[in-house]
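Hi everyone, thanks for making time for this. I'd like to walk you through a structure that may be new to you, so please have the sequence and the picture in view.

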Amino acid sequence: MKDFLQFHTAASGVCAAADRPRIVAAGVFDGVHLGHRAIVRAAKDAAAKRDAIPAAVSFTPHPRCVFAPDQAPALLMPEAERVRRLRLAGAAETAFIVFDREVAMWTPEEFLEHLAANRCFRIAGICVGEHWRFGRDGSGDGAVLERFCAERNWSCNRIPEVESDGEIVSSSGIRRAAAAGDLAKVRRLTGSPLTLYGRIVHGFQVAGTELAAPTANLELTAGVMPPDGVYAGQVALDGAVFPAAVNLGFAPTFHRTRRRIEIHLVGFSGTLYGRELAVELLAFLRPEREFSSPAELKRQIAADIARVVAVRENNKN
């Protein structure tokens, strides 16, 4: 059978077969939101009853990247962060199903047979969302899964969807909230601030010389950008957390034509080029606007930085 799992452990990141069985929490888990965590908790509870190890099984790439690449959603976080948050939720291990057109064509039964026959671990149970679908065209449902589990003496837990303020918690709902700039809702549904992930690239190099506020330009790799404007944020870097003034937009004072993410880390000195950063947005400060001169913008940036520091201090409590 095709070995379609890439296996990651919290420690080594390699396949580490062991005698103890696994109770698997299965799903895409983008965002590791409240609903996802409920599934992982159920796997952890079931594993404790069977002297098993709770494990998460996710997908790479997102299945919609295979079915409809032009409609694939922006991922809320990179895979490494998904693994980290799944571990915090209770998954001792995470494996990724390498999803391609061959896997997409498997019937539900074939999909489950391949999962059962994987070489990384022996499965003793599975936990999924109540409405999880799998197999060709999403034709596998709870009845198919329960029948398969019963035949193999696996435990099977289908976890009801989690609601918040009368709305089902979902990754798509979190993307909509992020795009609308509803930072409070994103935080409520995920337990964390809206976060933008990316790599620092070279920018226009005017902020440090003309504005006395050197910025790093983030090339986005994961996360959903909220509306343009100036945000108070924070960045964890080299064991410290720095307040961050984050500008999303076109820098109209300098008449730029490409949307950018510019970050000023308060209290940081050094170079960031080429580094990967996760930027947490804590509060919206003001819309982006054009200033009459760089000097006027410089005064506004100083005021923005003072507010950023105050927001960061409030969020520490």
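First, a word on what we're looking at: this is a predicted model. The chain has 317 residues, and buried residues make up 50% of them. In terms of secondary structure, there are 10 helices and 14 strands. How do the contacts spread along the sequence? If we take contacts between residues at least 6 apart in sequence, 73% of them join residues at least 24 apart.

Let's go inside. The largest nonpolar core has 29 residues. Which of them touch the most other members? Those are L196, L218, V246, I261, I263, L265 and L281. Several elements give two or more residues to this core: the helices α7 and α8, and the strands β9, β10, β11, β12, β13 and β14. Of these, β12 gives the most, with 4 residues. There is also another core, lying apart from this one, with 27 residues, and I97, W106, F121 and V144 are among them.

Please find L265 for a moment, since it is one of the residues that touch the most other members of the largest core. If we leave aside neighbours within four places in sequence, L265 is in contact with V235, L237, F242, P243, A244 and L272.

Now for the empty space. Rolling a probe the size of a water molecule over the atoms shows where such space is left. In the largest pocket here, that space comes to about 940 Å³. The pocket is lined by 38 residues, and the closest to its centre are G27, V28, H131, W132 and R133. Which elements give two or more residues to the lining? They are α1, α2, α4 and α7. You may remember α7 from the largest nonpolar core, where it also gives two or more residues. And by class, the lining of the pocket has 18 nonpolar, 12 polar and 8 charged residues.

Next, a few spots in the backbone. Have a look at the bond from T60 to P61: this peptide bond is cis, with omega near -5 degrees. P61 itself lies in the loop between β3 and α2.

Then there are two aspartates to point out. D165 is not a glycine, yet its phi is positive, near 55 degrees. You'll find D165 in the loop between β7 and β8. Is D165 buried or exposed? It is exposed, because its relative accessible area is 67%, and the cut-off for exposed is over 50%.

D238 also has a positive phi, of about 55 degrees, without being a glycine. Its place is in the loop between β11 and β12. With a relative accessible area of 62%, D238 is exposed.

For a last stop, let's turn to S192, in the loop between α8 and β9. Why does S192 count as buried? Its relative accessibility is 17%, and buried means under 20%, so S192 falls in that class. What does the side chain of S192 make a polar contact with? Its partner is the side chain of R85, at 3.3 Å. Leaving aside neighbours within four places in sequence, S192 is in contact with R85, V186 and R187.

So, to look back over the tour: we have a largest nonpolar core of 29 residues, another core of 27 residues apart from it, and a largest pocket lined by 38 residues. Thanks for listening!

Key. Residues numbered from 1 in each chain as written. Predicted model: local features only at pLDDT ≥ 70, side-chain atom pairs only at ≥ 80, totals over all residues. Heavy atoms only, no water. Buried < 20%, exposed > 50% of the residue type's maximum accessible area, 1.4 Å probe, protein only. 1 Å grid on protein atoms, 1.4 Å probe; cavity = no way out; pocket = protein on both sides within 12 Å on 5 of 7 lines; lining within 4 Å. Points joined across faces, edges and corners; volume = space filled by probe spheres on them. Nonpolar A, V, L, I, M, F, W, Y, C, P; charged D, E, K, R; others polar. Core = buried A, V, L, I, M, F, W, Y, C linked by side-chain atoms within 4.5 Å. Contact = heavy atoms within 4.5 Å. Polar contact = N/O pair within 3.5 Å; in protein donor to acceptor, adjacent residues only side chain to side chain.
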